[in-house]
Amino acid sequence: MTLPSHEVADLGLSGAGVRRVAWAERSMPALRSVRERFAAERPLAGLRLAACLHVTAETANLLRVLRAGGAEVWLAASNPLSTQDDTAAALVAEYGVAVHAWAGMDTAAYDRNLVTVLESRPHLLLDDGCDLVNTAHSHRPDLLEGVLGGCEQTTTGVIRLRRMSAEGELRLPMVAVNDTRTKRMFDNRYGTGQSTVDGVLRATNTLLAGRTVVVAGYGYCGRGLAERFRGMGANVFVTEVDPVKALDAVMQGYTVTTMDVAAHLGDVFVTATGNRDVVRREHLESMRDGAILANSGHFDLEIDLNALDSLAVSVDRGVREQADEYVFADGRRILLLSEGRLVNLGAAEGHPAAVMDLSFAVQALTTEWLARTHTDLSPGVVEVPEEIDHEVARLELAALGVGIDTLTPEQESYLNSWRP
Ligand SMILES: NC(=O)c1ccc[n+]([C@@H]2O[C@H](COP(=O)([O-])OP(=O)(O)OC[C@H]3O[C@@H](n4cnc5c(N)ncnc54)[C@H](O)[C@@H]3O)[C@@H](O)[C@H]2O)c1
């Protein structure tokens, strides 16, 4: 068999990758049923897809669905640290995907791989964080020719796309997969919540019970983080800039305060705001000896890493796997996890497959919908049709064996009428 184009760490890891992908597949029933239909109907036949996604076993199962639907698929990583090298090898050797990604690549290689997958001249883009779309628009607009549209997977990517669109710069219809209820309510909340706790524990093995954990940002992800850290017995503080979300956190029983105050009190800090410089120099200066810093937001901008570097008189890189210890002049030690990048993917394995089943079933069905309807769409950010949200939830409920009620005709007409 001729292998697709690839640049991966070691193709010899493909056997281990296949086992990992198969293990994830067991928890992905919705995606499995979409794959069976795609294999029969081939809705993506003749299309080439370029994807920038975390190279994990769950992503591999999404790409298997797209391949079953008839697409040619090229994949680059959406984060330099998050690639599972065995999964990357399996994708190339077993599942016919052109992969250009390996764990721990430097920024130059990361950027180059984005260009490589764009140079395949794709019809559709699957992005996670908007780096693929951004690279094409900012550096290689020639590669946008022939691209019909794409999907965006995460909050930060959708925010960037909306900004591009508002400035009249976005030249494609991009579907905001992130904004579906079946994505945000489960992936961002339960997935990020559980896998971030997992990342912090794997990197530090710290005791959470009785400790103060500061969660910055009480959005979909932050809510999940706060719930899961509280479940481990931690005393959870929340920081916010949105007054309504701050009030919600208060009513959930969390201590809401400013980062200025929380910085003195926290044992563990986790950011999930999608914003920059949430933990700044003045906060680092007031932290306790042994404070742990982690980020679960998309980019490594939430903790001011330059300030951390400049405050340190020495750094013990790799004091534990995925943990660097910064020592300040007065002897205080601050632990930074996964270089300030997504801790749940750097130090753990990302979201559990069962939650990615929902996000990626939405992604697969949206890709099919986009392939069918792109001629009706204009450049800009496009919402996923609600029917896809409902279909994915129905598939998941069916797999779980859960039945729900349906509206009676009387109820339906009652809800649709204003007459007394
Ligand atoms: N780690 C993962 O696997 C994963 C999964 C999904 C999303 N994400 C990323 O996590 C980030 C958050 O996503 P979300 O869906 O929760 O977004 P969201 O918009 O629902 O929540 C972000 C929250 O942060 C708050 N915020 C902004 N600036 C702040 C500041 N300076 N201090 C305190 N709070 C601030 C906002 O008011 C908002 O409530 C994004 O970057 C997203 O791409 C990561």
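The points below describe a predicted model, beginning with its ligand and moving on to individual residues.

1. The ligand and its surroundings. The shell around the ligand comprises 27 residues. Those that come nearest are Thr154, Thr155, Thr156, Cys221 and Glu240. Sorted by class, the shell holds 16 polar residues, six nonpolar residues and five charged residues.

2. Position between the domains. Residues of the shell come both from domain 1 (6–183 + 351–400) and from domain 2 (190–346), so the ligand lies between the two. The reader may find it useful to note that domain 1 is given as two segments of the chain, 6–183 and 351–400.

3. Helices that contribute to the shell. Which helix gives the most residues to the shell around the ligand? Helix 8 does, with four residues. Helix 7 (155–166), helix 8 (181–204) and helix 9 (220–231) each supply at least two residues.

4. Polar contacts of the ligand. Three pairs of atoms may be inspected here. A polar backbone atom of Ser296 is 2.8 Å from a nitrogen atom of the ligand. An oxygen atom of the ligand lies 3.0 Å from a backbone N or O atom of His298. With Asn344 the side chain takes part: one of its polar atoms lies 2.8 Å from an oxygen atom of the ligand. As for cover, the ligand taken alone exposes 860 Å², and the protein buries 87% of that area.

5. Annotated binding site. An unreviewed UniProt entry carries the annotation "binding site" for Thr56, Asp128, Lys183 and Asp187. Of these, Thr56 is placed in the loop between strand 1 (48–53) and helix 3 (57–68). Is Thr56 buried or exposed? Its relative accessibility is 5%, so Thr56 counts as buried, the cut-off being under 20%.

6. Annotated domain. The unreviewed UniProt entry also gives the annotation "domain: S-adenosyl-L-homocysteine hydrolase NAD binding", which covers residues 188–350. Over this stretch the model shows 37% helix and 25% strand. The C-alpha atoms at the two ends of the stretch are 11 Å apart.

7. Strand 1 and Ala51. Ala51 belongs to strand 1. With a relative accessibility of 1%, Ala51 is classed as buried. In sequence, Ala51 and Asp127 are separated by 76 residues, yet their C-alpha atoms are 5.9 Å apart in space.

8. Gly199 in helix 8. Gly199 lies in helix 8, the helix that gives the most residues to the ligand shell. The relative accessible area of Gly199 is 0%, so this residue is buried. Between Gly199 and Trp74 the separation is 125 residues in sequence and 28 Å in space, taken from C-alpha to C-alpha.

9. Thr366 in helix 15. Thr366 is located in helix 15 (residues 353–373). It counts as buried, with 0% relative accessibility. What lies 2.6 Å from a polar atom of the side chain of Thr366? The partner is the backbone oxygen of Val362.

10. Val18 in helix 1. Val18 is part of helix 1 (residues 14–25). Its relative accessible area is 24%, so Val18 is partly exposed. Val18 and Leu225 are 207 residues apart along the sequence, and 31 Å separates their C-alpha atoms.

11. Positive phi at Arg121. Arg121 is not a glycine, although its phi is positive, at about 60°. The residue sits in the loop between helix 5 (107–118) and strand 4 (124–127). A relative accessible area of 35% places Arg121 in the partly exposed class.

12. Positive phi at Asn205. Asn205, a residue other than glycine, likewise has a positive phi, near 50°. Where is Asn205 found? The location is the loop between helix 8 and strand 7 (212–216). Its relative accessible area is 61%, so Asn205 counts as exposed, the cut-off being over 50%.

Notes:
Residues numbered from 1 in each chain as written. Predicted model: local features only at pLDDT ≥ 70, side-chain atom pairs only at ≥ 80, totals over all residues. Heavy atoms only, no water. Near = heavy atom within 4 Å. Polar contact = N/O pair within 3.5 Å; in protein donor to acceptor, adjacent residues only side chain to side chain. Areas by Shrake-Rupley, 256 points an atom, 1.4 Å probe, with all protein chains shown as cover. Nonpolar A, V, L, I, M, F, W, Y, C, P; charged D, E, K, R; others polar. Domains from an automatic or database assignment. UniProt positions renumbered as here; feature names shortened; annotations may be inferred. Buried < 20%, exposed > 50% of the residue type's maximum accessible area, 1.4 Å probe, protein only.
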